[in-house]
Amino acid sequence: MKNKILILITLFSAMLVKAQQDDKDSSTTLSFTKSETLSVADLSFQAIWDDKLSYSDNIGYYGGIAELRVFKNKKHLQTIKNIEDGIALGYINFEVNDYNMDGYLDFTVPISCGRSCNYSYYLYNSKTKKFEYRKEWDYLRIQIMDKEKKQIISQPDGMQDDGKTYQVEGLKLIEIKK
């Protein structure tokens, strides 16, 4: 009986480790609240914060990153302008991860945050040595990343099980029809 329990615990532990490896929990969050430089691995993000980047009649001025300079191994790759603090909380979180599972780190920039955040994805293109904004990835909320199959399962929206499965091919995201 003890052997059966030990085997079950071992199997369950292996499944749990595999599930943790397959999800997006390996992301690193960078939180910008002011003009500063934050880094992860060989990437650095230099943000120029502007408290009056945007204006809304109901909340007045709210801030954001007027200019984001992206560096890889201390080499300037590109500059992204006007990233708003969409919910006026005084910070903007980026997520850094290898989203297209090609061995290079990519990053997300928030598009909107309400009940949950939605992101724009910037994927590193090893041929051009730049990050490319990929519109077809917009609003993707990742629940699971299966690195072996190079597939992404999206987070269901609300109570419905409407999560989708996508095949990742290079920088492309292709929905797999069920």
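1. Which residue in the turn of the hairpin formed by S2 and S3 has a positive phi? In this predicted model, the residue is Ala-41, whose phi is about 50°, and the hairpin has two residues between its strands. Strand S2, residues 36–40, pairs with S3 in the antiparallel sense, and the pairing runs over five bridges. Within that pairing, Val-40 has Leu-43 of S3 as its bridge partner.

2. On the overall make-up, the protein comes to one helix and 13 strands. Read from the N terminus, the order of elements is α-β-β-β-β-β-β-β-β-β-β-β-β-β, with the helix ahead of the strands. The protein has 178 residues, of which buried residues make up 40%.

3. The pairing continues from S3 into S4, where the two strands run in the antiparallel sense over eleven bridges. Three residues join S3 to S4 in a hairpin, and Asp-50 has Gly-64 in S4 as its bridge partner. As general background, the side chains of a regular strand alternate between the two faces of the sheet.

4. Strand S4, residues 60–72, also pairs with S5, again in the antiparallel sense, and here the pairing extends over eight bridges. Val-70 stands opposite Gln-78 of S5. The hairpin of S4 and S5 has two residues between the strands, and Asn-73 takes a positive phi near 50° in it.

5. S4 and S5 are also connected through side chains. Glu-67 and Lys-81 meet in a salt bridge with an N to O distance of 2.9 Å; because Glu-67 lies in strand S4 and Lys-81 in strand S5, this pair ties together parts that are 14 residues apart in sequence. The two partners differ in their surroundings: Glu-67 is buried, at a relative accessible area of 17%, whereas Lys-81 counts as exposed at 54%. Arg-69 belongs to the picture as well, since a network of salt bridges links Glu-67, Arg-69 and Lys-81.

6. The count of salt bridges in the model comes to six. Among them is the one between Arg-134 and Glu-136, whose closest N and O atoms are 3.1 Å apart. Arg-134 counts as buried at 17% relative accessibility, while Glu-136 is partly exposed, with a relative accessible area of 40%. Another joins the side chains of Lys-177 and Glu-175 at 3.8 Å, N to O, a distance that falls within the 4 Å cut-off. In that pair Lys-177 counts as exposed at 66% relative accessibility, and Glu-175 as partly exposed at 32%.

7. What is the number of aromatic pairs held by the structure? The structure holds twelve of them. In one, the ring centres of Phe-45 and Phe-94 are 6.1 Å apart and the planes stand at 85°, so the pair is edge-to-face. This contact links distant parts of the chain, given that Phe-45 is in strand S3 (residues 43–56) and Phe-94 in strand S6, 49 residues apart. Phe-45 and Phe-94 are both buried.

8. A second aromatic pair, that of Phe-107 and Tyr-122, is stacked, with 5.1 Å from centre to centre and 5° between the planes. Phe-107 lies in strand S7 (residues 106–113) and Tyr-122 in strand S8 (residues 117–125), so parts that are 15 residues apart in sequence are tied together by the pair. Phe-107 and Tyr-122 are likewise both buried.

9. These two pairs can be read in a wider setting, for ring pairs link Phe-32, Phe-45, Phe-94, Tyr-104, Phe-107, Tyr-122, Tyr-124, Phe-131 and Tyr-133 into a cluster. Tyr-124, one of the members of that cluster, also has the charged end of Lys-72 over its ring, 4.6 Å from the ring centre. Elsewhere, the charged end of Lys-52 sits over the ring of Tyr-61, at 5.3 Å from its centre.

10. A last point concerns the surface, where Ile-87, Leu-89 and Tyr-91 form a nonpolar patch whose accessible area comes to about 260 Å² together. Of these residues, Leu-89 is found in the loop between strand S5, residues 75–84, and strand S6, residues 92–97.

How values were computed:
Residues are numbered from 1 along each chain as its sequence is written. This is a predicted model: local features need pLDDT of at least 70, side-chain atom pairs count only at pLDDT 80 or more; totals for chains, interfaces and linings use all residues. Side-chain values use heavy atoms; hydrogens and water are left out. Patches are made of residues with over 30% relative accessible area and no salt bridge: like charges are joined within 9 Å, nonpolar side chains (Val, Leu, Ile, Met, Phe, Trp, Tyr) within 5 Å. Accessible areas come from the Shrake-Rupley method with a 1.4 Å probe; for residues, only the protein chains shown count as cover. Helices (H or I, at least four residues) and strands (E, at least two) are DSSP runs, numbered from the N terminus. Rings of Phe, Tyr and Trp (its six-membered ring) pair if their centres lie within 6.5 Å; planes under 30 degrees apart count as stacked, over 60 as edge-to-face and the rest as tilted. Buried means under 20% relative accessible area, exposed over 50%, partly exposed in between (1.4 Å probe, protein chains only). A charge sits over a ring if NZ of Lys or CZ of Arg is within 6 Å of the ring centre and within 35 degrees of the ring normal. Two strands pair if DSSP finds at least two bridges between them.
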